[in-house]
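Reader: I am new to reading protein models. Can we go through this one by question and answer?

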Amino acid sequence: MVAPAFDAYGYSVFASGASTDRFVVLNDAPLGEGDGADLLETTPVARGLADLIVASRAAAPFALAVDAAWGMGKSSLMRKLESTLAAEPAVSVVWFNAWTSGQASALEGLIKSVLLRFDRNLVRRAVRSIQRRTHLLGVLRAAALVSGSVFGLGRLVDEIWRALSVDARSRNQMKGVLRDLFAAWLAKGERAGDRRLLVVFVDDLDRCAAERIVEVCEAIKLYLDVPGVVFVLACDQAVLWKAVQGSAPEGEPAGAVEYLEKIIQINYRIPPPSAASALRLVDGYLELSRTAGLFDDSMKSVIIERSGRNPRRIKRLINSFVLEYHLNRSWDELGVANLVRVVLLQHFYPTFYSILVSPREADPIRDFLRYQEFRAKVRHGETEDRHDWRELFADKRLRPPDAAQASLTESLAELERELPAQFPLLAADRDFVALLESLDGPANSDQFRRLLRKPLTGGPALPLPDPADVALFAQPRQPLTATGRDVDLAGVRVLWIDDNPVSNRRVIERLSNSGAIVTTATDRTAAVAALREGEPDVILSDFTRDGYPFTGVDDVAYFREHDLYHGPVVFCSGQRLPQLLRRVEELDAIGPTNDENEIVRWVARIAAEKAAARTRD
């Protein structure tokens, strides 16, 4: 273990030879800014997109979307693409952040950003174009503007906006003014032997309210859809679809989506980093935060897989450790490597972490490791008698098993009823088991176990759902009434896949109160682990996960292609996009529906059909 040390200000540091290094937090700036690091390996993609845009300049106007979920590196790729295009001859770039552009309307902010990119002479031509529209003369102080000596370019642009936005009639003429301005700009380039191109980058559009998203789309299509302009939008397409659907007339979501497809002609979706790329990314972050020596390969594996390979989530985990390291003095006794492991538990296994710090549980780590070992022996048919198993059964006030295989299997089921409901799925998670086994300290030290269970001072801003968050409810069974009959779901096994299981809590409770055994999974990895534990009678699934609207149907297709599950599936969602409905039909699935009663009725019907089939057999 590296020896602890403290600087003159009382901050903890690690002594490494004669030098000391203080751990540092990572900021949220796009990668590649400042130190030029390209941990997300955006350079080749940016080069390819830049070549495409430059080669297609004659086709402008058009819009390209850089599509990815929250935290997956959209802004980093955009910044790299911006610098690549800025080095191209006759290409100008404009950056507009739709989320942080102030309180002004998005339409105003975007158009002003474009106008400010032109030189004063061209803007003065725009003023003369406005002067020719005589109804604007009373609004625009034309003489002062044309003189060019009264106002700077910013004030000049402000006055033009005030003239063009004063009323509906003025707005109708705005596109003509902008078209004239761009035509003059392009002609000036042609005289100089250059074919000009203006690339407008719109960042963080998916962070905006729906009204602002629609306003930016309006600006692109109605006012800036002119030759010589290419838009590059950083956005999560699923968020944009939802925003545009909300603005559509009731009952016409498909038309709204078609409208969005008219705005965006090219869509590049950033893929998740490969395993090798994700490892390089984690290693790079650890080097930047000066924590590289504290994370072994198994820890890195947990970070990569449980973060969904999401760069922003990885940064937040490392920052949580750095915060805890600086503020929590118990690490000196616990050991910094153990502190790292506990932070990993807090971020990626929050349900188990809550059990760990709960005073109601005697020793959940020891209980789990004993259970996991006993479970593995039973599953592999090994019947040797072990003292640790007997201690675990005695702690839970259960009769210890004998060496017979049938007795061991029955004892395992009995033991699982006395342990936290998450344990069976966690036991199937190799990363989790390795993480617990790697906790390094005196095995019988009460002090060590007490420190492990001390709540951390910090935590993830948005804790990820626990992949083994199994929803088993112990309330007395209360049959529900659906379609005029009592619903009896005794023993029906339901796997519900949703990245936000809390939102389904009420329906899960209804199913459980009727006797169903409901297991929840937050992603494909957890779902596959659950399917390998035993095939459910029905899968319930959402559509959208990590911001991508087709994840739910993609996962079901994966299960069937790999012979993991061929049973009934109900999609629980209010989305009814034509593309989704086609995929649901192709998969021979049910839904979509977000009606709680309908979900319960479908599960009851599937259970009844299964019971009837067993009777016939």
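Reader: In β8, which residue is the bridge partner of Val66?
Author: This is a predicted model, so everything here is read from a prediction. Val66 belongs to strand β4, residues 62-67, which pairs with β8 in the parallel sense over 4 bridges. In β8, the bridge partner of Val66 is Tyr268.

Reader: In β8, which residue is the bridge partner of Asp67?
Author: Asp67 also has a residue facing it in β7, namely Cys235. On the β8 side, the bridge partner of Asp67 is Arg269.

Reader: How many bridges pair β4 with β7?
Author: The two strands pair in the parallel sense. Asp67 stands opposite Cys235 in β7. The number of bridges between β4 and β7 is 6.

Reader: Are the faces of β4 covered or uncovered?
Author: Take one side: Phe62, Leu64 and Val66 are buried. Take the other: Ala63, Ala65 and Asp67 are buried too. The count of buried residues in β4 is 6 of 6. Both faces of β4 are covered.

Reader: In what order do the 5 strands of the open sheet with β4 stand?
Author: The pairing in this sheet is parallel. The twist from one strand to the next averages 20 degrees. The order is β5-β6-β7-β4-β8.

Reader: Which strands of that sheet stand at the edges, and why is one side of each left without a neighbour?
Author: An edge strand here has a single partner strand, so one of its sides has no neighbour in the sheet. The two edge strands are β5 and β8.

Reader: How many residues of β5 are buried?
Author: Strand β5 covers residues 91-97. On one side, Val91, Val93, Trp95 and Asn97 are buried. On the other side, Ser92, Val94 and Phe96 are buried. The count for β5 is 7 of 7.

Reader: Which residue in β6 does Phe96 stand opposite?
Author: Strand β6 spans residues 197-203, and it runs parallel to β5. The two are joined by 7 bridges. Opposite Phe96 in β6 stands Val202.

Reader: At about what angle does α3 run to β5?
Author: Helix α3 spans residues 106-115. It lies across β5, β6 and β7. Its angle to β5 is about 155 degrees.

Reader: What is the strand order in the open sheet of 4 strands?
Author: Here the pairing is parallel. β12 and β14 stand at the edges, each with a single partner strand, so each has one side without a neighbour in the sheet. The twist averages 20 degrees from one strand to the next. The order is β12-β11-β13-β14.

Reader: Which residue in β13 does Val494 stand opposite?
Author: Strand β11, residues 493-497, pairs with strand β13, residues 538-541. They share 4 bridges in the parallel sense. Val494 faces Val538.

Reader: Which strands does helix α23 lie across?
Author: Helix α23 spans residues 505-513. It runs at about 150 degrees to β12. The strands it lies across are β11, β12 and β13.

Reader: Why is α17 called oblique to α21?
Author: Helices α17 (residues 364-379) and α21 (residues 430-437) pack at an angle of about 125 degrees, with axes 11 Å apart. That angle makes α17 oblique to α21, because oblique takes what is left outside under 35, over 145 and 65 to 115 degrees. The value behind the word is about 125 degrees.

Reader: How do the residues of the contact of α17 with α21 divide?
Author: From α17 come Ile365, Phe368, Leu369 and Gln372. They meet Phe432, Val433, Leu436 and Glu437 in α21. The contact divides into 6 nonpolar, 1 polar and 1 charged.

Reader: Does Asp363 count as buried or exposed?
Author: Asp363 lies in the loop between α16 and α17. It touches Arg449 and Arg453, leaving aside residues up to four places away in sequence. Its relative accessibility is 12%, and the cut-off is under 20%, so Asp363 counts as buried.

Reader: What separates the C-alpha atoms of Ala557 and Glu586?
Author: Ala557 sits in helix α25, residues 551-561. Ala557 is buried, at 13% relative accessible area. Along the chain, Ala557 and Glu586 are 29 residues apart. Their C-alpha atoms are separated by 9.4 Å.

Methods: Residues are numbered from 1 along each chain as its sequence is written. This is a predicted model: local features need pLDDT of at least 70, side-chain atom pairs count only at pLDDT 80 or more; totals for chains, interfaces and linings use all residues. Side-chain values use heavy atoms; hydrogens and water are left out. Buried means under 20% relative accessible area, exposed over 50%, partly exposed in between (1.4 Å probe, protein chains only). Two strands pair if DSSP finds at least two bridges between them. Axes are lines fitted to C-alpha atoms, for helices over the stretch in contact, and angles run from 0 to 180 degrees between N-to-C directions. Contact means heavy atoms within 4.5 Å. Ala, Val, Leu, Ile, Met, Phe, Trp, Tyr, Cys and Pro count as nonpolar, Asp, Glu, Lys and Arg as charged, and the others, Gly among them, as polar.
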